[in-house]
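Biologist: Could you walk me through the pockets and the core of this protein? Let's take them one at a time.

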Amino acid sequence: MVKVIVLAWYVLNAMMSWVTESAHAYYEKPAVTDARYINIALAIAEVALDPNQEPLFDGEDGRLRTALVLASIASHESKFVANVVNCRTSGDNGLAWGPWQTHSGKVITCGDLKTAAGIALGMARHSIVVCKAQGYPLLEQL
């Protein structure tokens with residue numbers, strides 16, 4: 001559990017540097033934003049450190065790098081906006097759900113953040129495999 005908390009703290013700091021708390025200030029109080037960010041960071045850390053989940057990268061820091069990729073995808077896809085994270089708003093004409101805007105269906109994706117993070121990790125892993133097989137360089141494999 002300590003590893004999850006430490007990684008979540010690291011991920012949380014990255015998330016807050018990418019999309020600051022002030023980006024949500026018009027819509028909600030900072031404590032509400034903070035709670036959502038913390039829940040996302042914890043879900044990412046739990047999935048990235050799960051021994052049953054293959055990380056995106058090899059090496060000692062592979063799981064850390066995996067967590068940061070998951071956070072960066074959610075940052076890009078949802079900007080951590082409450083209505084998107086909480087599945088009150090969809091994207092891609094009703095096909096994309098949750099912080100990672102995955103196309104796995106609302107019922108599956110919106111059950112909990114850890115499930116949504118696991119789906120996003122699986123999709124990222126698949127993307128890397130497919131793009132690598134097609135000869136794309138590492139920075140273009142998502």
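**Pockets and core**

Modeller: Happy to! About 180 Å³ of space lies in the second largest pocket. This is a predicted model, where local features need pLDDT of at least 70 and side-chain atom pairs count only at 80 or more, while totals for chains, interfaces and linings use all residues. Numbering runs from 1 along each chain as its sequence is written, and side-chain values use heavy atoms, without hydrogens and water.

Biologist: Which element gives the most to the lining of the second largest pocket?

Modeller: A pocket is an open set of points on a 1 Å grid over the protein atoms alone, where a 1.4 Å probe fits, with protein on both sides within 12 Å along at least five of seven lines; lining residues have an atom within 4 Å of a point. Here the lining includes Trp 100, Met 123 and Leu 142. Two or more lining residues come from each of α3 (62–78) and α6 (113–133), helices being DSSP runs (H or I, at least four residues) numbered from the N terminus. With four residues, the top contributor is α6.

Biologist: Which element supplies the largest share of the largest nonpolar core?

Modeller: Such a core joins buried (under 20% relative accessible area, 1.4 Å probe, protein chains only) Ala, Val, Leu, Ile, Met, Phe, Trp, Tyr and Cys residues through side-chain atoms within 4.5 Å. The largest one has 32 residues, with Val 11, Met 15, Ile 44 and Trp 100 making the most contacts inside it. At least two residues each come from α1 (2–18), α2 (30–49), α3 and α6. The largest share, eight residues, belongs to α2.

Conventions: Points joined across faces, edges and corners; volume = space filled by probe spheres on them. Buried < 20%, exposed > 50% of the residue type's maximum accessible area, 1.4 Å probe, protein only.
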